[in-house]
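Hello,

I am handing over the structure we talked about. Please look at the sequence and the model first, then read my notes below.

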Amino acid sequence: MEKSIKFASIDIGSNAMRLLFCRVIKDKKNRHTFSKEALFRMPLRLGEDAFSLGLITDENVVKLQKTLSAFKLMVDAYDPITYRSCATAALRNAKNGHSIIEKINESINLNIEIISGEEEAKIIMSNHIEKHLDQSKNYAYIDVGGGSTEISFITNLKKNKSKSFPIGSVRLLKDTITDNDWSKMKIWMVNNKKGIENEIIGIGSGGNINKIFSLSQKKKGDAISFNTIHNIIEKIKPLSFEKRMTNMGMRPDRADVIDHAGSIYLFIMKSLGIQKMIVPESGLPDGIVRELYKNYLDTN
């Protein structure tokens, strides 16, 4: 008889909010499978406020609270064994971010945490991506969000160096990234690439690279090349906002940032000499569940 336990995770990002319900099933041979039972996505772009105005507007605070109230009701109905709620770059950078979260936690009791870029990278990296890896090869795990980009080097199946940068698709859309930001990221990448003799393979994480991968019509598990990503972005750029939605099946909050996110992936790949990228199609909500399950096993 297979046994299963339920977990939930909430990701309050810069471009959208996500609620994931996931069941972990363990069979007689002690093998476990993570089964995503539901994923709810609310396109609330907090980063547009945070990166342009430096704070979250009253209007979006109301929308944030209403969304989280709905999420809490669904979490209570799903009745997971435990859950975790994390807020990232937008609320991290907004002047009123911490006070907003304090008030929401008092009224809704979701125990929301504003996590650092380093913690975000650690959680994302907790996704079990080893099935995609070869111990003899080197990798760079690249997660591009709306407000930040996390890069981690992986050698011998272990994370070597990791850093978060204030570069993201919404920031780029709002033109709030400086030349100095790009320079700092490139210098860090080049310095940490030293000593890695062989080819570096990319591992792409984030909703935009997932969409780019789907547009490539590659099979799940296949790698996508630098040239393919470049060609898809060049195909998207001339299209109007409306055509991106109607011709390419993009949501509105994806249609206006996907080429910006693509340019960030390409910049990193070019800086590191990466010619191909694996796209496991998992992100922060998945990583939160993985960590919750690990903590559950450690304490039971």
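**The sheet**

Strand β2 (residues 17–26) is joined to β3 by 10 bridges, and the two run antiparallel. One facing pair is Leu19 and Phe40, the latter in β3. Keep in mind that this is a predicted model.

β2 and β3 belong to an open sheet of five strands. The order is β3-β2-β1-β4-β5, with mixed pairing. The edges are β3 (32–42) and β5 (112–114). Each has a single partner strand, so one side of each is left without a neighbour in the sheet. From one strand to the next, the twist averages 20°.

A helix lies across this sheet. Helix α13 (residues 284–299) crosses β1 (3–12), β2, β3 and β4 (82–87). Its direction is at about 135° to β1.

**The cysteines**

How many disulfides does a search of the whole structure find? Zero. Cys22 is in no disulfide, and its nearest cysteine sulfur is that of Cys86, 15 Å away. Seen from Cys86, the closest cysteine sulfur is in Cys22, and 15 Å is too far for a bond. The cut-off for a disulfide is 2.5 Å between the sulfur atoms.

Are these two cysteines buried or exposed? Cys22 counts as buried, at 3% relative accessibility. Cys86 counts as buried too, at 0%. Both values fall under the 20% limit for buried residues.

**The largest pocket**

The volume of the largest pocket is about 760 Å³. Its lining is made of 38 residues. Which of them lie nearest the centre? They are Arg18, Gly206, Gly207, Asn210 and Arg254.

Several elements give two or more residues to this lining. From the sheet described above come β2 and β3. The helix lying across that sheet, α13, is another. The others are α5 (117–125), β6 (138–144) and α8 (207–216).

**One acidic residue**

Last, take a look at Asp259. It lies in helix α12 (residues 258–272). Asp259 has a relative accessible area of 12%, so it counts as buried. What does Asp259 touch, leaving aside its neighbours within four places in sequence? It is in contact with Ile233, Lys237 and Arg244.

**Where to start**

I would open the view on the β2 and β3 pair. From there, go on to the largest pocket, whose lining takes residues from both strands.

Best wishes

Conventions: Residues are numbered from 1 along each chain as its sequence is written. This is a predicted model: local features need pLDDT of at least 70, side-chain atom pairs count only at pLDDT 80 or more; totals for chains, interfaces and linings use all residues. Side-chain values use heavy atoms; hydrogens and water are left out. Two strands pair if DSSP finds at least two bridges between them. Helices (H or I, at least four residues) and strands (E, at least two) are DSSP runs, numbered from the N terminus. Axes are lines fitted to C-alpha atoms, for helices over the stretch in contact, and angles run from 0 to 180 degrees between N-to-C directions. Contact means heavy atoms within 4.5 Å. Buried means under 20% relative accessible area, exposed over 50%, partly exposed in between (1.4 Å probe, protein chains only). On a 1 Å grid over the protein atoms alone, a cavity is a set of points where a 1.4 Å probe fits but cannot get out, and a pocket is an open set with protein on both sides within 12 Å along at least five of seven lines; lining residues have an atom within 4 Å of a point. Grid points are joined across faces, edges and corners, and a volume is the space filled by probe spheres set on the points.
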